[in-house]
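This report introduces one molecular structure to a reader who has not met it before. Please have the sequence and the model at hand while reading.

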Amino acid sequence: MLHTRTTPAQRRRALRERLATGRLLTMPGAVNPYSAKLIEEHGYEAAYLSGAVLAAELCLPDIGLTTSAEVAARAQQVTRVTDLPVLIDADTGFGAPVNAARTVQLFEDAGLAGLHLEDQTAVKRCGHLDGKTLVTREEMVQRVRAAAEARRDPDFLLMARTDARAVEGMDAAIDRAKAYVDAGADAVFPEALADEAEFEAFRKAVDVPLLANMTEFGKTPLLNTRTLQDLGYDIALYPVTFFRLMNGAVEDGLRTLAAEGTQESLLPRMQTRSRLYEVLGYADYTAFDSAVHDFTLPPGA
Ligand SMILES: C[C@](O)(C(=O)O)[C@H](CC(=O)O)C(=O)O
Ligand SMILES: [Mg+2]
């Protein structure tokens with residue numbers, strides 16, 4: 001009931017310790033608080049909050065329109081219902097280096113376990129689209145340094161994402177990643193790598209934990225977890241996967257209802273009422289209620 005038993009500090013520690021094992025961590029993206037709970041129920045050890053999904057939920061494209069306060073508020077709704085460490089997409093840090101610093105503190109307060117900051121300009125776009133523009137390496141170094149210094153919990157994971165592969169090529173991407181690690185990044189997210197050889201090259205060049213973005217319909221092939229483990233990657237990310245699945249199911253359902261005049265044929269694909277309640281812990285609330293109210297007054301009271 002009420003779901004969480006751990007503090008943000010414990011979750012950050014858990015994520016650090018999990019990454020230190022060297023075993024690949026599979027990180028599904030949560031669509032909302034309920035799906036974060038499902039991720040936990042299914043035995044995953046961490047969850048992710050995608051900037052693209054947070055924007056799309058508001059029916060906005062992923063071009064840097066959401067604000068840090070808006071994102072932090074949603075994140076807190078998620079961290080309230082799961083004990084999993086949650087890593088969040090902080091886009092470009094929402095402005096100048098000082099905004100990145102404030103974002104770190106807002107996101108710490110939201111109970112998150114870490115964030116990633118990218119080296120795109122404020123007018124950003126999905127890492128798998130063409131036409132991205134980057135800030136200079138020096139500007140991103142300042143962004144990372146400001147974020148690292150703003151942390152109050154040293155276990156809060158600061159990941160630097162570089163979008164340079166698609167813009168400046170592999171060598172520049174690796175150089176940038178190294179500079180960001182020197183500036184205080186604990187982990188690196190090399191965005192939009194084109195093949196296994198590029199994953200390998202990045203692994204050889206950079207010592208810190210590395211994230212592999214397995215987003216669909218993008219520039220990177222969908223490597224399975226075994227391959228990613230063998231390549232020495234630390235996190236396999238599925239940022240938009242469950243949002244896409246949900247939307248696919250909703251669209252199918254809308255078509256079916258229109259065509260058949262009833263949702264009957266969809267029932268086998270639906271989560272049942274009892275499973276819905278089980279995940280919510282509904283029975284525990286009923287038991288809590290009856291423990292509070294189920295008493296008899298002594299005579300004369
Ligand atoms: C990881 C990402 O930053 C996200 O916001 O989820 C996106 C994912 C996507 O748009 O497919 C990205 O790779 O830029
Ligand atoms: Mg994003």
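## Strands, helices and ligand shell

Strand 5 (residues 157-162) runs parallel to strand 6, and 4 bridges join the two. Within this pairing, Ala-160 stands opposite Val-188 in strand 6. Both strands belong to an open sheet of 5 strands, with the order 2-3-4-5-6 and parallel pairing. The edges of the sheet are formed by strand 2 (47-49) and strand 6 (187-190), each of which pairs on one side only. From one strand to the next, the twist averages 25°.

The model is predicted. The mean pLDDT of the chain is 96, and 99% of its residues reach 70 or more. The scores of the model are ipTM 0.99 and pTM 0.96.

Two helices may be considered next. Helix 5 (residues 97-109) packs against helix 6 (residues 137-150) at an angle of about 35°, and their axes are 8 Å apart. The crossing of helix 5 past helix 6 is right-handed. Residues of helix 5 in this contact include Pro-97, Val-98 and Val-104, while those of helix 6 include Gln-142, Arg-143 and Ala-150.

The ligand is described last. Ligand 1 is surrounded by 13 residues, of which the closest are Ser-50, Ala-52, Gly-127, Thr-215 and Pro-239.

The table sets out the residue classes at the two sites.

| Site | Nonpolar | Polar | Charged |
|---|---|---|---|
| Contact of helix 5 with helix 6 | 8 residues | 2 residues | 2 residues |
| Shell around ligand 1 | 4 residues | 7 residues | 2 residues |

How values were computed: Residues are numbered from 1 along each chain as its sequence is written. Chains are lettered from A and ligands numbered from 1 in the order in which they are written. This is a predicted model: local features need pLDDT of at least 70, side-chain atom pairs count only at pLDDT 80 or more; totals for chains, interfaces and linings use all residues. A residue is near a molecule or strand if its C-beta atom, placed from the backbone, lies within 6 Å of it. Ala, Val, Leu, Ile, Met, Phe, Trp, Tyr, Cys and Pro count as nonpolar, Asp, Glu, Lys and Arg as charged, and the others, Gly among them, as polar. Axes are lines fitted to C-alpha atoms, for helices over the stretch in contact, and angles run from 0 to 180 degrees between N-to-C directions. Helices (H or I, at least four residues) and strands (E, at least two) are DSSP runs, numbered from the N terminus. A crossing is left-handed if the near helix is turned anticlockwise from the far one by less than a right angle, and right-handed if clockwise. Two residues are in contact if their C-beta atoms, placed from the backbone, lie within 7 Å. pLDDT is the predictor's confidence in each residue, from 0 to 100. Two strands pair if DSSP finds at least two bridges between them.
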